[in-house]
Amino acid sequence: MRFEYCPHCGKKAEMREIGDEGRIPYCTQCEVPLWDMFTTSIIAAVVNECGEIALLRQEYVSATKHVCVAGVMKPGESAEETVVREIGEELGLSVKSTAYVKSYPYEKKEMLMLGFKAVVEKKDFELSEEVDAARWVRFEDALSLLREGSIAWQLVREVIGG
């Protein structure tokens, strides 16, 4: 999100040179720079002890390809807490451990996605209403079910060592 007006007072922002950041919107009333904003979210490669990864189908994301668990961080929540919450909500699974993998800018939706590997015990899924289907997939079959080059594909490739 790029500001034209100050979100604090509503005054029209002016462009101002801010150090080595260049010209950015600035509120002369509040005397604050109005940095561009983006949403921070997580994306998780959920793996089990059998060398499998959980892949989801969510029609609102893709009609043809699978995706990974993903979700927006809530205020006051750490990235790791978001991973645990989202996996619990979407798949009904308890997370044993998490490991940060890499961040992925998602410019199309003005998001920064923090990629994680999450280890769970293999169990049946208890899907939320936002998940159409999910299945356990062997590592060697996972990449072919994801859109090549997508953030999910990049994360899974990194996690499975492919």
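This is a short selection tour of a predicted model, from one strand to a helix, a pocket and a loop.

**Stop 1: strand E5**

Select residues 52-57, which form strand E5. The strand is mostly covered, with 6 of its 6 residues buried. Show the side chains. Glu 52, Ala 54 and Leu 56 point one way. Ile 53, Leu 55 and Arg 57 point the other way. Both sets are buried.

**Stop 2: the partners of E5**

Add strand E4, residues 39-47. E4 and E5 run antiparallel and are joined by 2 bridges. To find a bridge, pick Val 46, whose partner in E5 is Ala 54. Now look at the hairpin of these two strands, where 4 residues sit between them. Gly 51 takes a positive phi there, near 70 degrees.

Next, add strand E9, residues 133-138. This pairing with E5 is also antiparallel, and it runs over 6 bridges. Pick Leu 55 and look across to Arg 135, its bridge partner in E9.

**Stop 3: helix H1**

Select residues 79-91 for helix H1. The helix has 13 residues and reaches 18 Å from its first C-alpha to its last. That is close to the 18 Å expected at 1.5 Å a residue. Colour its buried residues: Ala 79, Thr 82, Val 83, Arg 85, Glu 86, Ile 87, Glu 90 and Leu 91. An α-helix has 3.6 residues a turn, so residues three or four places apart point the same way. What lies over the buried residues of H1? The cover includes E4, E5, strand E6 (69-72), strand E7 (95-106), strand E8 (111-120) and E9. Step past the end of the helix to Gly 92, which has a positive phi near 70 degrees.

**Stop 4: Arg 85**

Stay in H1 and zoom in on Arg 85. Is Arg 85 buried or exposed? Arg 85 counts as buried because its relative accessible area is 17%, under the 20% cut-off. Its side chain reaches the backbone oxygen of Val 72 at 3.0 Å. Display the contacts of Arg 85, leaving aside neighbours within four places in sequence. They are Val 72, Lys 74 and Glu 77.

**Stop 5: the largest pocket**

Turn on a pocket surface. The largest pocket has a volume of about 750 Å³. Its lining counts 29 residues. Select Val 61, Val 67, Tyr 106, Lys 109 and Met 113, the closest to its centre. Then colour the lining by element. E4, E6, H1, E8 and helix H3 (151-160) each supply at least two residues. The largest share, 4 residues, comes from E6.

**Stop 6: helix H3**

Follow the pocket lining to H3, residues 151-160. Buried residues in H3 are Ile 151, Ala 152, Trp 153, Leu 155, Val 156 and Val 159. Among the elements that cover them are E4, E5, E7, E8 and helix H2 (139-142). After H3 comes Gly 161, with a positive phi near 75 degrees.

**Stop 7: Glu 126**

Finish in the loop between E8 and E9, at Glu 126. Glu 126 counts as exposed because its relative accessibility is 59%, over the 50% cut-off. Leave aside neighbours within four places in sequence and show its contacts: Glu 89, Glu 90, Leu 91 and Gly 92. Last, draw a distance from Glu 126 to Ser 150. These residues are 24 apart along the chain, and their C-alpha atoms are separated by 26 Å.

Conventions
Residues are numbered from 1 along each chain as its sequence is written. This is a predicted model: local features need pLDDT of at least 70, side-chain atom pairs count only at pLDDT 80 or more; totals for chains, interfaces and linings use all residues. Side-chain values use heavy atoms; hydrogens and water are left out. Buried means under 20% relative accessible area, exposed over 50%, partly exposed in between (1.4 Å probe, protein chains only). A polar contact is a pair of N or O atoms within 3.5 Å; within protein, one must be able to donate a hydrogen and the other to accept it, and residues adjacent in sequence count only if both atoms are side-chain atoms. Contact means heavy atoms within 4.5 Å. Two strands pair if DSSP finds at least two bridges between them. The expected span of a helix is 1.5 Å times one less than its number of residues. On a 1 Å grid over the protein atoms alone, a cavity is a set of points where a 1.4 Å probe fits but cannot get out, and a pocket is an open set with protein on both sides within 12 Å along at least five of seven lines; lining residues have an atom within 4 Å of a point. Grid points are joined across faces, edges and corners, and a volume is the space filled by probe spheres set on the points.
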